[in-house]
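Reader: I would like to go through this model by question and answer, starting with charge pairs and ending with the sheet. Please give the cut-offs as you go.

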Amino acid sequence: MTQARDIGDAGRFDPVAAHDKAAAQRREGFRLLKYKRFVLPLAGIGLLIPLMGITGVLLAHYPAYTDTLFTALLLFTASGLGLVYFLFKALYGHVLTPVWRLKDWVARIRSGDHEARLTEHGNDEFDGLSHDLNAIGQFLETLSHNLDEEVRRQTERIAQKTNSLQVLYDVAASLNASRDLKDLLTRFLYTMRDIVNAHAGTVRLLTDNNQMELVASIGLDDEIVERERMVPVQRCLCGSALSEGEVLFQQDLKPCTQFVGRPMLEDTSLEMIAVPLQYRGKNLGVYNLFVNRAEFEARDEVKALFTSIGRHLGMAIEKAHLDNEAKRLSIMQERNALAHELHDSLAQTLASLRFQTSMLDETVDQQSMEDIHSEIQQIKGGLDEAYTELRELLAHFRAPMNARGLLPALEDLIGTFRKQTGMHILLQKEWESTRLPGNMEMQVLRIVQEALANIRKHSRAHTVRVMLKCNNEGQYHVLVEDDGVGMSRPAFTGHPGEHIGLSIMQERARYLGGELRIESEESEGTRVQLSFRHPDPNTDRHNQRFALI
Ligand SMILES: Nc1ncnc2c1ncn2[C@@H]1O[C@H](COP(=O)(O)OP(=O)(O)OP(=O)(O)O)[C@@H](O)[C@H]1O
Ligand SMILES: [Mg+2]
């Protein structure tokens, strides 16, 4: 049996073969032991000892043969010593020495020296054992070599993963530190340049009309950037990367030179990588890096990394878009709220002042100086009010609300209305004990204020009724009705900046989570009815919006 069979083709230890071989060698060992080194000397010694005994006895009984017997005894003794010498030599050379070598081998193997081997002399009783132990050693060596190789491969993989994670971390950090989209993309390109030794890079974003807009670039001259500002998606590799959703490599920059009309970079030995930018399956654009050709040999791993980076960047781009949209919406909301406040506060006061001034102008000839003086005082009061409202708006962007709450504010409003219009106005209140949150009370006040302003401006009414009601279930009702000319059809739209009072009332009712109904017929007067609930399951959400209004 050869060593190759023990170890097997794949370098694996074959226990069955080793067992067969050991048995054969054991038999051989016994045979050798039996006939060769140990049995013959032992048999000789065994024979000599009785011979020596018999010779000793004869020597004692036959003095006549003393010389002969003594000589024989000496001869036997010398032969015995010789045999003892051979026995000892055999034991030393073929048992003790191999055992010491074996101990030494075990020590080397245990210390990790898997290349340690036992010498096989070919005529030794321990040769069979040595042969098997060497096979085990060989097996251990192969195993440890395979393990080392596997550990090296795994370490390399872990190092690569760590590197990829580091790259992703760097990219994420650069994306998070950005102020706006352009800044974000430029920072990204600089980070990528440092990570992959890129010579240049671009980020192109997909536009609504299926073009690619070059939004950020590094390492390209201004003329190229200008020429490449807007290109059709189907034009080149970038478009293919985008439509296929895959990282593509282009080893030759000639196609780019053809499209642009001149070399994009001085170093024409570079290659270009195009990576799609996607977010939740939506194509957003593509980023390109111009790198040395030999830079990326393990392309599959690099592709996976670049794809991940593309997804990160896609997410950041989408987030930047959403941030912009949220900012735009918030500005619109602020402007809307400001317009509402201006309409319901300052504009109302100014309109009422204009009304009073024209009344004064019409009646100035028929009135006594005292009446005129009183009217002028009212106009002065109105101007003071307008001025205060303006200051309040400028200072806090909050309309003045009576610190005592909605009801006192309404009473003040109705008192002023009565004085200014001379109409008969009635206030019915059935919610004294209730106190709504300040922002809700403000909405109710503004709705009543606009309803009264409309009555003053358009109704020509004699009597006005304002009723506030609230039951234990938190159901609130506000009614403002007049007996004026009425309107044929409530108009919720108007030219920009005109006739917007009713739509603002509607919006305020919506913010309250309630409903505003207007009932009116020509010559039948007008009823404005507001109803809402508080507390309302959605109130908290609404309150957050009220803070802006
Ligand atoms: N109580 C009312 N009686 C009669 N007509 C009314 C009454 N309230 C509203 N209207 C009619 O509805 C129209 C729309 O009212 P709205 O409050 O939206 O605009 P406005 O009062 O004309 O202007 P703004 O409120 O923007 O200063 C008014 O122009 C008016 O014709
Ligand atoms: Mg109005």
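Reader: How many salt bridges does the structure hold?

Author: This is a predicted model, in which local features need pLDDT of at least 70 and side-chain atom pairs count only at pLDDT 80 or more, while totals for chains, interfaces and linings use all residues. Residues are numbered from 1 along each chain as its sequence is written, chains are lettered from A and ligands numbered from 1 in the order in which they are written, and side-chain values use heavy atoms, with hydrogens and water left out. A salt bridge here is a side-chain nitrogen of Lys or Arg within 4 Å of a carboxyl oxygen of Asp or Glu. The structure's number of salt bridges is 24.

Reader: What is the N to O distance in the salt bridge of Arg152 and Glu149?

Author: Both residues lie in helix α5 (residues 127-176), three residues apart, about one turn of the helix. Helices (H or I, at least four residues) and strands (E, at least two) are DSSP runs, numbered from the N terminus. The side chains of Arg152 and Glu149 meet with an N to O distance of 2.8 Å.

Reader: Are Arg152 and Glu149 buried or exposed?

Author: Buried means under 20% relative accessible area, exposed over 50%, and partly exposed in between (1.4 Å probe, protein chains only). Arg152 has 41% relative accessibility and Glu149 has 30%. Because 41% lies in the middle class, Arg152 counts as partly exposed, and at 30% Glu149 also counts as partly exposed.

Reader: How far apart are the closest N and O atoms of Arg153 and Glu150?

Author: These two residues are three apart in helix α5, so about one helical turn separates Arg153 from Glu150. Arg153 is partly exposed at 42%, and Glu150 is partly exposed at 32%. Their salt bridge has its closest N and O atoms at 2.4 Å.

Reader: Which residue meets Arg235 in a salt bridge, and is that partner buried or exposed?

Author: The partner of Arg235 is Glu228, with an N to O distance of 2.9 Å. Glu228 has a relative accessible area of 1%, so this residue is buried.

Reader: Which residues are linked with Asp221 in a network of salt bridges?

Author: Side chains of opposite charge can pair when their charged atoms come close. In the network, Asp221 is linked with Glu223, Arg227 and Arg262.

Reader: How much helix is there in residues 38-62 and 68-88, which UniProt lists as "transmembrane region"?

Author: The listing comes from an unreviewed UniProt entry; its positions are given in the numbering used here, feature names are shortened, and annotations may be inferred rather than shown by experiment. The end C-alpha atoms of residues 38-62 lie 36 Å apart, and those of residues 68-88 are 30 Å apart. Strand content is 0% in residues 38-62, with helix at 92%. For residues 68-88 strand is also 0%, and helix is 100%.

Reader: Which residues coordinate the magnesium ion (ligand 2)?

Author: Donors are N, O and S atoms within 2.8 Å of the metal (3.2 Å for Na, K and Ca), and water is not among the atoms, so sites may look incomplete. The two coordinating residues are four apart in helix α13 (residues 438-459), so about one helical turn separates them. One is buried at 2% and the other at 16%. At 2.1 Å, the ion is coordinated by Glu450 (OE) and Asn454 (OD1).

Reader: What is the strand order of the open sheet?

Author: Two strands pair if DSSP finds at least two bridges between them. The sheet has five strands in mixed pairing, in the order β7-β8-β9-β11-β10. Its edge strands, each pairing on one side only, are β7 (424-430) and β10 (515-520).

Reader: Which residue in β8 is the bridge partner of Gln428?

Author: Strand β7 is joined to β8 (residues 463-470) by seven bridges, and the two run parallel. In β8, Gln428 has as its bridge partner Met467.

Reader: How many bridges pair β9 with β11?

Author: Six of the eight residues of β9 are buried, so the rest of the structure largely encloses this strand. On β8, β9 pairs antiparallel through seven bridges. With β11 the sense is antiparallel too, and the number of bridges is eight.
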